[in-house]
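Colleague: I'm new to this one, so please take me through the interior slowly. Start with any disulfides, then move on to what is tucked away and what sits outside.

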Amino acid sequence: MRSFPCVRLTIEKIGKTYRGGKMALRDFSLEVGPGILGLLGPNGAGKSTLMRILATITLPTTGRAIWDGTDIARSPDGLRSVLGYLPQDFGVYANLSAVEFLEYFAAAKGLDGRSARRRIDELLDVVNLVDARKRPLGQYSGGMKQRVGIAQALLNDPQLLIVDEPTAGLDPEERLRFRNLLSELGGDRIVILSTHIVSDVETCATSIALISGGRLLVHDSPAALLRAVEGQVWEWVVPGEELAAVRRSYPTSNTVHRSDGVHVRLLADRSPGSGAVRAAPTLEDAYLFWVSRDRVASA
Amino acid sequence: MTTWRLLYHLARADFLQRVRSYGFLVTLGFTAYFCYICLPPHEASYVTLQMGGHRGIYNSAYVGTLVAMETTLILSLAGFYLVKNAIERDIRTGVGQILAATPLTKSLYTLGKTLSNFAVLAVMSGVIALAAGVMQFARHEDATIRIWPLLAPFLFIVLPVMAAVASVAVLFEVVPKLRGGLGNVIYFFLWIFACAAMAGLHAEGGGWLRGADLMAFSVAIPSMRSACELAFAGCATATDFSMGFNFGEHWNLSTFQWVGVEWTAGILAGRLLWFGVAAGFALLAGALFHRFDPSGSAAEKSKRW
C-alpha cells in the first residue's frame with residue numbers, strides 16, 4: 001500500500017437537523033490525523049449521520065468539514081477521489097459475481113480497466129474471497145458480503161476510509177478477522193470506524209471519540225480514556241434480590257449470576273459497599289462512564 | 001474514454017442484475033408469446049391490423065413493421081413499469097450510498113441507469129424481432145425471410161421509443177412525487193395522451209415530423225394504405241380501420257402485397273429525435289437527482305453540484 005502525505009480531517013462545529021426538526025448532530029468538532037479513529041456511541045447517537053456528512057452524501061446544517069484545506073460541502077470531488085466508504089446497511093447486486101460488482105465500483109471511482117483488474121485481484125486475496133470470486137453474491141454469507149464491502153471501499157487505496165457499523169451481523173470469527181484487517185489498514189491513512197460495540201474499537205483504534213445525543217463527549221487515546229476511570233470501577237457480589245437497587249444506584253457494565261450471588265461490575269467514586277473490590281478498567285467501563293455521565297447531565 | 005467506460009459499467013452491472021433472474025426469463029417468454037398473438041392466422045377470431053377488410057401478406061416487411069408497431073404500443077406502457085426500479089434498487093441495497101461517495105456525477109449516473117433500462121427493453125424487443133422471423137416462417141404466407149425489411153422497423157420504430165421510455169422511467173424515479181403510485185397513474189394518462197396526440201398527427205410526406213410520430217403510425221400506415229389501394233380500390237379511403245387486438249366474428253381478411261417503409265433521411269431524423277429526447281430526459285433527471293441523500297432537498301444539494 002502506498003504512503004500518503006500527512007492527511008488531516010477537521011470537523012468544525014457540525015450540526016445536522018433533519019426535516020421535522022430532529023437534531024442528529026450539534027456543535028460537533030473533531031480533529032483527525034492518520035490512524036484508526038473509533039467513533040463509539042449508542043444507537044441513535046448520530047454516528048451514521050456524521051459518517052454520511054464526512055462521506056459527502058449529506059450536507060451539514062451548520063459547520064463544516066475540511067479535507068486538505070477544502071470544505072467538503074463546497075467542493076466534494078477532491079475528497080471523493082481518495083475516499084473509501086462502507087455504509088451501515090450495505091447490500092449487493094445479488095446476481096453479480098464479486099469481480100463484476102467490484103468492476104462496477106472501480107469504474108465509478110475512476111480506475112482504468114487494467115488498474116481495476118489488478119486491484120480487484122489484490123483485494124479479493126486480501127479479503128480471502130479468491131475462491132468465491134465468480135459465485136453470485138446472492139449466495140454469499142453475511143460475512144462474505146461484508147468483505148466484498150470492505151474490498152470496494154479499498155479499491156482506490158483511499159486516504160480516508162469510513163466504515164459504519166461494519167461488524168453488525170457478523171459472527172465472532174468474522175468480527176475478529178475484520179478487526180485484524182482494519183488494524184492492518186491503519187498506518188498513514190485515516191480510518192474512521194463507527195460502532196456501538198466497544199470490542200470493535202478496543203483492539204485497533206489509535207483514538208476514540210465518544211458520541212451521544214449528537215454531541216462529542218470526549219476524544220482521546222484509549223489509554224487516556226482508561227485513566228479517566230482509574231479507581232472508579234468496582235466488582236461487587238450482591239444477593240440477587242438487591243440487584244435492581246444496585247442497578248438504579250450505579251452505572252453497571254456487567255452482571256454474572258453465580259452460586260454465591262450476582263457478580264456486578266459497576267462505576268462508583270467510592271466503594272459501593274462492603275466486599276466491593278476495585279477492578280482494572282476496560283474500555284467498556286470508560287464508555288459507560290462517559291455515556292452515563294452525559295445522561296445525568298442531560299437529565 | 002473514462003466516461004464511456006463508466007457508462008458501460010454502470011449500465012452493465014444494473015443490466016446483468018436484472019436479466020440474470022427467472023423473472024426476466026418469464027418476461028421474455030411473454031414477449032415471444034406477444035409476438036405470436038400479433039400475427040393471427042386467417043381463421044383467427046381477431047385481427048391486429050385491418051383496413052377495409054384487408055391486411056398485408058405476412059412477408060418480412062409487413063411482419064416486421066406490424067409487430068414493431070404493436071411492440072412500441074405495448075412496451076411503451078408495460079416497459080415503463082418494468083424498468084422503473086433502477087434507482088430504487090440502489091436505494092434499497094445501499095449501493096447508492098457507496099456510489100454517492102465516489103466522484104461519479106449525477107448526470108452520468110442517470111445516463112447509466114437510462115442505458116441499463118434501454119438495454120433491458122432492447123433485449124425484449126430483440127426477442128420479439130427474432131420471434132417475428134419465426135412467426136413469418138410459421139404462418140408461411142411468404143416464407144422468404146429478408147433480414148433488413150424484418151429488422152429495420154425494430155431498429156427505427158421500436159428502439160427510439162424504448163430509449164425515451166427508459167429515460168422517462170429514470171426521470172420519474174428521481175422526482176419524489178412521481179416515484180410511487182401517483183407517478184404510475186400519471187404515466188398511464190400521459191401514455192394515452194401521447195398515443196392519441198400522435199395518432200392525430202396524420203403527418204405525410206417524408207419529413208421529420210412524420211418520422212417523429214411516437215408510435216410510427218404515420219411512418220407505415222399511409223404507405224400500407226397505398227399498397228392496399230393498388231390491390232383493392234377504395235381501400236385508401238376506407239373508414240373501417242383498426243389497429244390493436246380487435247376481437248369479433250370471423251374476419252376472413254383478404255391480403256395485399258406491401259414492400260415496407262422507405263426509410264428516408266427525414267423519417268430517420270424524426271425517429272432519431274427520440275434518442276435526443278431520451279438523452280435530454282436523462283440529463284434532466286440528473287439535475288433533479290437527490291444523489292441518495294436521505295435528508296437533502298434538491299435546492300440544498302444544488303449548492304455543490
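Modeller: Happy to. A disulfide here is a pair of cysteine sulfur atoms within 2.5 Å. Keep in mind that this is a predicted model. With that cut-off, a search of the whole structure over all chains turns up 1 disulfide. The partners are B:Cys228 and B:Cys235, with 1.9 Å from S to S. The torsion about their S-S bond is about 95°, so this disulfide is right-handed. Both B:Cys228 and B:Cys235 are buried.

Now for two other cysteines. B:Cys195 is in no disulfide, and the nearest cysteine sulfur, which belongs to B:Cys38, is 15 Å away. That fails the test, because the two sulfurs of a disulfide must be within 2.5 Å. B:Cys195 still counts as buried, at 12% relative accessibility. Over in the other chain, A:Cys204 is buried too, with a relative accessible area of 8%.

Let's look at some helices that are tucked away. In chain A, helix α1 covers residues 47–54, and 8 of its 8 residues are buried, so the rest of the structure largely encloses it. Its buried residues include A:Lys47 and A:Arg52, along with A:Leu50, A:Met51, A:Ile53 and A:Leu54. Just past α1(A) you reach A:Thr56, which takes a positive phi of about 65°.

Helix α3 of chain A, residues 98–108, is mostly covered as well: 11 of its 11 residues are buried. Among them are A:Phe101, A:Tyr104 and A:Phe105, and also A:Glu100 and A:Glu103. What does the covering of the buried residues of α3(A) include? On the chain A side there are α4 (113–126) and α5 (142–154). Chain B joins in with α1 (2–19), α4 (86–93), α5 and α6. After α3(A) comes A:Gly110, with a positive phi near 85°.

One of those chain B helices, α4, is also where you find B:Arg89. Is B:Arg89 buried or exposed? Buried: its relative accessibility is 7%, so it falls on that side of the 20% limit. Its side chain makes a polar contact of 2.8 Å with the side chain of B:Asp14. Leaving out residues up to four places away in sequence, B:Arg89 touches B:Asp14, B:Gln17 and B:Arg18, plus A:Tyr93 from the other chain.

For another link between the chains, go to the loop between α11 (265–288) and α12 (298–301) of chain B, where B:Asp293 sits. The side chain of B:Asp293 makes a polar contact with that of A:Thr58, at 2.7 Å. B:Asp293 is buried, with a relative accessible area of 5%.

Next, the empty spaces. How many cavities of 30 Å³ or more does the structure hold? There are 3 of them. The largest cavity has about 60 Å³ of space. Its lining comes from chain B: B:Pro40, B:Pro41, B:His42, B:Ala44, B:Tyr46, B:Val47 and B:Arg55, then B:Trp251, B:Asn252 and B:Leu253. By class, that lining has 7 nonpolar, 2 polar and 1 charged residues.

The second largest cavity holds about 40 Å³. Residues lining it include B:Leu99, B:Ala100, B:Lys106, B:Tyr109, B:Phe289, B:Arg291 and B:Phe292. Two chain B helices, α5 (95–100) and α6 (106–139), each give two or more residues to this lining. You have met both already, since α5 and α6 of chain B are among the elements covering α3(A). The lining of this second cavity splits into 6 nonpolar, 1 polar and 2 charged residues.

Finally, the outside, with one residue from each chain. A:Asn128 lies in the loop between α4 and α5 of chain A. Although A:Asn128 is not a glycine, its phi is positive, about 60°. A:Asn128 is exposed, with a relative accessible area of 53%. In chain B, the loop between α6 and α7 (147–174) holds B:His140. B:His140 also has a positive phi of about 60° without being a glycine, and it counts as exposed at 52% relative accessibility.

Technical notes. Residues numbered from 1 in each chain as written. Chains lettered and ligands numbered in written order. Predicted model: local features only at pLDDT ≥ 70, side-chain atom pairs only at ≥ 80, totals over all residues. Heavy atoms only, no water. Helix = DSSP H or I, 4+ residues; strand = E, 2+ residues; numbered from the N terminus. Buried < 20%, exposed > 50% of the residue type's maximum accessible area, 1.4 Å probe, protein only. Polar contact = N/O pair within 3.5 Å; in protein donor to acceptor, adjacent residues only side chain to side chain. 1 Å grid on protein atoms, 1.4 Å probe; cavity = no way out; pocket = protein on both sides within 12 Å on 5 of 7 lines; lining within 4 Å. Points joined across faces, edges and corners; volume = space filled by probe spheres on them. Nonpolar A, V, L, I, M, F, W, Y, C, P; charged D, E, K, R; others polar. Contact = heavy atoms within 4.5 Å.
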